[in-house]
Amino acid sequence: QVQLMESGGGSVQTGGSLRLSCAASGSFSSIDVMAWYRQAPGKERDLVALMSSSGATTYADSAKGRFTISRDNAKNSVFLQMNYLRPEDTAVYYCKSKVRFEDWRAYDYWGQGTQVTVSS
């Protein structure tokens with residue numbers, strides 16, 4: 001059983017910063033891609049940023065220049081440093097990981113989500 005545990009959400013004012021963390025636990029061989037998504041009320045869940053196991057990154061346009069994704073592969077963890085937050089960043093943020101097992105099969109797992117609220 002693989003579990004993703006997120007932390008670091010909260011409430012901040014416009015221009016503030018938050019750092020989200022997500023740690024994967026369980027029995028598996030490795031993690032390919034680790035990513036952050038977000039879902040605002042009434043909207044679809046959208047990609048914010050992702051990082052491959054080799055360190056390649058992809059960011060949503062809305063995140064470029066303000067958010068930074070990083071990983072600690074030894075701790076099976078991914079982080080999202082969010083700076084210059086705006087009210088439109090308010091959403092539930094989800095961690096997603098593509099986890100690979102010894103038989104080489106890989107599956108996606110999601111965290112439970114952490115709320116980020118930015119007030120003006």
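This briefing covers the disulfide, the largest pocket, one hairpin and several individual residues of the structure above. The model is predicted. A search of the whole structure finds 1 disulfide, formed by Cys22 and Cys95. The largest pocket holds about 190 Å³ of space, and strands β7 and β8 form a hairpin with 4 residues between them.

**Disulfide**

- The sulfur atoms of Cys22 and Cys95 are 2.2 Å apart, and the angle about the S-S bond is -75°, making the link left-handed.
- This pair joins distant parts of the chain, 73 residues apart: Cys22 belongs to strand β3 (residues 18-25) and Cys95 to strand β9 (residues 91-100).
- Cys22 counts as buried because its relative accessibility is 1%, under the 20% cut-off.
- Cys95 is likewise buried, because its relative accessible area is 0%.

**Largest pocket**

- The lining of the largest pocket consists of 13 residues.
- Nearest the centre of this pocket lie Arg38, Ala40, Lys43, Asp46 and Glu88.
- Two elements, β4 (30-39) and β5 (45-51), give two or more residues each to the lining.
- The most comes from β5, which gives 3 residues.
- Sorted by class, the lining has 5 nonpolar, 5 charged and 3 polar residues.

**Hairpin of β7 and β8**

- Strand β7 spans residues 67-72, and strand β8 spans residues 77-82.
- The two strands pair in the antiparallel sense, over 6 bridges.
- One of the bridge partnerships joins Asp72 to Ser77 in β8.
- The covered face of β7 carries Phe67, Ile69 and Arg71.
- The uncovered face of β7 carries Thr68, Ser70 and Asp72; Asp72 is thus on the uncovered face and also the bridge partner of Ser77.
- Asn76 lies in the turn of the hairpin, in the loop between β7 and β8.

**Positive phi outside glycine**

- Asn76 has a positive phi of about 50° although it is not a glycine.
- Asn76 counts as partly exposed because its relative accessibility is 23%, which falls between the cut-offs of 20% and 50%.
- Tyr84, also a residue other than glycine, has a positive phi near 50°.
- The position of Tyr84 is in the loop between β8 and β9.
- Tyr84 is classed as exposed because its relative accessible area is 57%, over the 50% cut-off.

**Arg100**

- Arg100 lies in strand β9, the strand that also holds Cys95.
- With a relative accessible area of 16%, Arg100 is buried, because the class takes in values under 20%.
- Leaving out residues up to four places away in sequence, Arg100 touches Phe28, Ser29, Ser30, Asp32, Arg105 and Ala106.
- Arg100 and Val116 are 16 residues apart in sequence, and their C-alpha atoms are 29 Å apart in space.

Notes
Residues numbered from 1 in each chain as written. Predicted model: local features only at pLDDT ≥ 70, side-chain atom pairs only at ≥ 80, totals over all residues. Heavy atoms only, no water. Disulfide = S-S within 2.5 Å. Buried < 20%, exposed > 50% of the residue type's maximum accessible area, 1.4 Å probe, protein only. 1 Å grid on protein atoms, 1.4 Å probe; cavity = no way out; pocket = protein on both sides within 12 Å on 5 of 7 lines; lining within 4 Å. Points joined across faces, edges and corners; volume = space filled by probe spheres on them. Nonpolar A, V, L, I, M, F, W, Y, C, P; charged D, E, K, R; others polar. Pairing = 2+ DSSP bridges. Contact = heavy atoms within 4.5 Å.
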